[in-house]
Amino acid sequence: MAAKNKFYVVWKGKAPGIYGSWEECKEQISGIKGAQYMGFPSRKDAEEAYNSSYAAYKGQKKKKPGLSGEELMKIGDPNPHSIAVDAASSGNPGKMEYQGVDTKTGKRLFKQGPFPEGTNNIGEFLAIVHGLAFLKERRSDRVLYSDSRTAISWVRKKRCNTKLQPNARNRELFDLITRAEKWLEKNSYTTPIVKWETVAWGEIPADFGRK
């Protein structure tokens, strides 16, 4: 995953600006339809983004330090004919939700949650399976991107290998896990599941902006 964000830019919210914590940012976007916001590791990056536009940053490939030009060329660019999935959890376990978006446009294709007690890995797993089912139903040949190696591995093994124990608060979530595992057992798919290269491309377009 990318470095932890320390500053948040709100382009469209109650009071657009730069905020020093996710809680402050969340207060500004809560209840705002089509809120536009994103997290950044430094104030300099945040100020540069705020003086630009949300459209210029959403889903943009960001070449970050750590990879040579040769390495970036080898990785190449993300396939725009694809969907991207991601999850966010406030705590481990904590309130969790996941979503899938069109990689090129950022348009949300599906979203589930928030669930009162879940983990990021569970959300990533469910997001991939949801995405596979979504694409199969539409007979789409698009690629599916996830930035979670763990979840990709769980999907390939057809099992959500979580250590979280079922209880009354997460019953709905475990029902979804059971359904997802059964779907994987009963269905075949041709969708390529590809690791999103965060270091080369920046945050995955489906990111919730809470890191």
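What follows is a short dialogue on reading the features of this predicted model.

Q: How many helices and strands does the chain have, and what share of its residues is buried?

A: The model is predicted, and its chain has 8 helices and 8 strands. Of the 211 residues in the chain, 44% are buried. Among contacts between residues at least 6 apart in sequence, 65% join residues at least 24 apart. The accessible surface comes to about 11600 Å², with 48% of that area belonging to carbon and sulfur atoms.

Q: Which residues of helix 5 are buried, and how far does the helix reach?

A: The general idea is that an α-helix has 3.6 residues a turn, so residues three or four places apart point the same way. In this structure, helix 5 covers residues 120-137, and its 18 residues reach 26 Å from the first C-alpha to the last, close to the 26 Å expected at 1.5 Å a residue. Its buried residues are I122, G123, E124, F125, L126, A127, I128, V129, G131, L132, F134 and L135.

Q: What is found at the end of helix 5 and just after it?

A: E137 and R138 meet through their side chains in a salt bridge, at 3.6 Å from N to O. E137 counts as exposed at 64% relative accessibility, while R138, at 46%, counts as partly exposed. R138 also lies over the face of F134, at 3.6 Å from the ring centre, and F134 is one of the buried residues of helix 5. The helix is followed by R139, whose phi is positive, near 55°.

Q: How many salt bridges are there, and which parts of the chain does the one between D102 and R142 tie together?

A: A salt bridge is read from the distance between a side-chain nitrogen of Lys or Arg and a carboxyl oxygen of Asp or Glu, which must be within 4 Å. A search of the whole structure finds 4 of them. In the bridge between D102 and R142, the closest N and O atoms are 2.9 Å apart. Because D102 lies in strand 5 and R142 in the loop between helix 5 and strand 7, the pair ties together parts that are 40 residues apart in sequence. D102 is buried, with a relative accessible area of 15%, and R142 counts as buried at 14%.

Q: Is R169, in its salt bridge with E117, buried or exposed?

A: R169 is exposed, with a relative accessible area of 51%, whereas E117 is buried, at 15%. Their side chains meet at 3.7 Å, N to O. R169 lies in the loop between helix 6 and helix 7, and E117 in strand 6, so this bridge ties together parts that are 52 residues apart in sequence.

Q: How many aromatic pairs are there, and why is the pair of Y145 and W196 edge-to-face?

A: The angle between the ring planes decides the label, with planes over 60 degrees apart counting as edge-to-face and those under 30 as stacked. The count comes to 10 aromatic pairs. The rings of Y145 and W196 have their planes at 85° and their centres 5.2 Å apart, so the pair is edge-to-face. Y145 lies in strand 7 and W196 in the loop between strand 8 and helix 8, so the pair ties together parts that are 51 residues apart in sequence. Y145 is buried, with a relative accessible area of 4%, and W196 counts as buried at 1%.

The rings of W183 and Y189 have their planes at 25° and their centres 6.3 Å apart, so that pair is stacked. W183 counts as buried at 18% relative accessibility, while Y189 is partly exposed at 29%.

Q: Which residues form an aromatic cluster with Y8?

A: W22 and Y37 form one aromatic cluster with Y8.

Terms used
Residues numbered from 1 in each chain as written. Predicted model: local features only at pLDDT ≥ 70, side-chain atom pairs only at ≥ 80, totals over all residues. Heavy atoms only, no water. Helix = DSSP H or I, 4+ residues; strand = E, 2+ residues; numbered from the N terminus. Expected span 1.5 Å × (residues − 1). Buried < 20%, exposed > 50% of the residue type's maximum accessible area, 1.4 Å probe, protein only. Contact = heavy atoms within 4.5 Å. Areas by Shrake-Rupley, 256 points an atom, 1.4 Å probe, with all protein chains shown as cover. Phe/Tyr/Trp six-rings, centres within 6.5 Å; stacked < 30°, edge-to-face > 60°. Lys NZ or Arg CZ within 6 Å of the ring centre and 35° of its normal.
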